[in-house]
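Reader: I should like to understand how the descriptive terms applied to this model follow from their criteria. Please set each value against its definition.

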Amino acid sequence: MEHAMIVVHRPSAGGGRRVSVHRDGRAEILGLAHSDHDLIVFLEAAGLSYPAELLDDPSWVEWRGGRPHEWDATP
């Protein structure tokens, strides 16, 4: 795989991070996650098996604009 399939975007000012899945040349917004649990729920709904095991795998998940597993924007 050339690029991560799941993108966790930078933390928003109001908290949480937008999550998108990229497949078939398209990006689909899955929602706004406020925790690892939210992210896992989104990935399960997108049809991924064992999503908790994928969170730290850069071939599957790209964390943009912030550290992985941090959900609030730091001032």
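**Sheet, helix and aromatic pair**

Author: In this predicted model, 4 strands form an open sheet in the order 3-2-1-4, and their pairing is mixed. The edge strands are strand 3 (26-33) and strand 4, each of which pairs on one side only. From one strand to the next, the twist averages 20 degrees.

Reader: How do you know that strand 1 is paired with strand 2?

Author: Two strands pair if DSSP finds at least two bridges between them. Strand 1 and strand 2 (residues 17-23) are joined by 4 bridges and run antiparallel, so the criterion of at least two is met. Within this pairing I6 stands opposite V21, and P11 has R17 as its bridge partner in strand 2. The hairpin of these two strands has 5 residues between them, and G15 takes a positive phi near 100 degrees there.

Reader: What makes strand 2 and strand 3 a pair, and in which sense do they run?

Author: They are joined by 7 bridges and run antiparallel; the definition asks for at least two bridges, so strand 2 and strand 3 count as paired. H22 has A27 as its bridge partner in strand 3, while R17 stands opposite A33. In the hairpin of strand 2 and strand 3, with 2 residues between the strands, D24 takes a positive phi near 55 degrees.

Reader: Why is the pairing of the sheet called mixed?

Author: Strands of a sheet pair either parallel or antiparallel, through backbone hydrogen bonds. Strand 1 pairs with strand 4 (residues 61-63) in the parallel sense over 3 bridges, whereas strand 1 and strand 2 run antiparallel. Both senses occur, so the sheet is described as mixed. In the parallel pairing, V7 stands opposite E62 in strand 4.

Reader: What makes strand 1 largely enclosed?

Author: A residue is buried when its relative accessible area is under 20%. Of the 6 residues of strand 1 (residues 6-11), 5 are buried, so the strand is largely enclosed by the rest of the structure. For the protein chain, 37% of the 75 residues count as buried.

Reader: Where does the helix lie with respect to the sheet?

Author: The protein chain has 1 helix and 4 strands, in the sequence pattern β-β-β-α-β. Helix 1 (residues 36-45) lies across strand 1, strand 2, strand 3 and strand 4, and runs at about 145 degrees to strand 3.

Reader: Why is the protein chain called as compact as a globular protein of its length?

Author: Its radius of gyration is 11 Å, and the globule rule gives 11 Å for 75 residues; the two values are close, so the protein chain is as compact as a globular protein of that length. The C-alpha trace spans about 35 × 20 × 20 Å along its principal axes. Among contacts with a separation of 6 or more, 43% are between residues 24 or more positions apart. The protein chain exposes about 4800 Å², of which carbon and sulfur atoms supply 50%.

Reader: How many aromatic pairs does a search of the whole structure find?

Author: The search finds 1 aromatic pair. The pair is formed by W63 and W71, with 5.6 Å centre to centre and 70 degrees between the planes.

Reader: Why is the pair of W63 and W71 called edge-to-face?

Author: Rings pair if their centres lie within 6.5 Å, and planes over 60 degrees apart count as edge-to-face. The values for W63 and W71 are 5.6 Å and 70 degrees, so both conditions are satisfied.

Reader: What makes W63 and W71 buried?

Author: The cut-off is under 20% relative accessible area. W63 has 16%, so W63 is buried; W71, at 10%, also counts as buried.

Reader: Why is E70 called partly exposed?

Author: Partly exposed lies between the buried limit of 20% and the exposed limit of 50%. E70 has a relative accessible area of 35%, so E70 falls in that range. E70 is found in the segment after strand 4.

Reader: Which residues is E70 in contact with, leaving aside its neighbours within four places in sequence?

Author: E70 is in contact with P11 and R17; these are bridge partners of strand 1 and strand 2. The C-alpha atoms of E70 and G15 are separated by 9.8 Å, with the two residues 55 apart along the chain.

How values were computed. Residues are numbered from 1 along each chain as its sequence is written. This is a predicted model: local features need pLDDT of at least 70, side-chain atom pairs count only at pLDDT 80 or more; totals for chains, interfaces and linings use all residues. Side-chain values use heavy atoms; hydrogens and water are left out. Rings of Phe, Tyr and Trp (its six-membered ring) pair if their centres lie within 6.5 Å; planes under 30 degrees apart count as stacked, over 60 as edge-to-face and the rest as tilted. Buried means under 20% relative accessible area, exposed over 50%, partly exposed in between (1.4 Å probe, protein chains only). The radius of gyration is taken over C-alpha atoms; the globule rule is 2.2 Å times the number of residues to the power 0.38. Contact means heavy atoms within 4.5 Å. Accessible areas come from the Shrake-Rupley method with a 1.4 Å probe; for residues, only the protein chains shown count as cover. Axes are lines fitted to C-alpha atoms, for helices over the stretch in contact, and angles run from 0 to 180 degrees between N-to-C directions.
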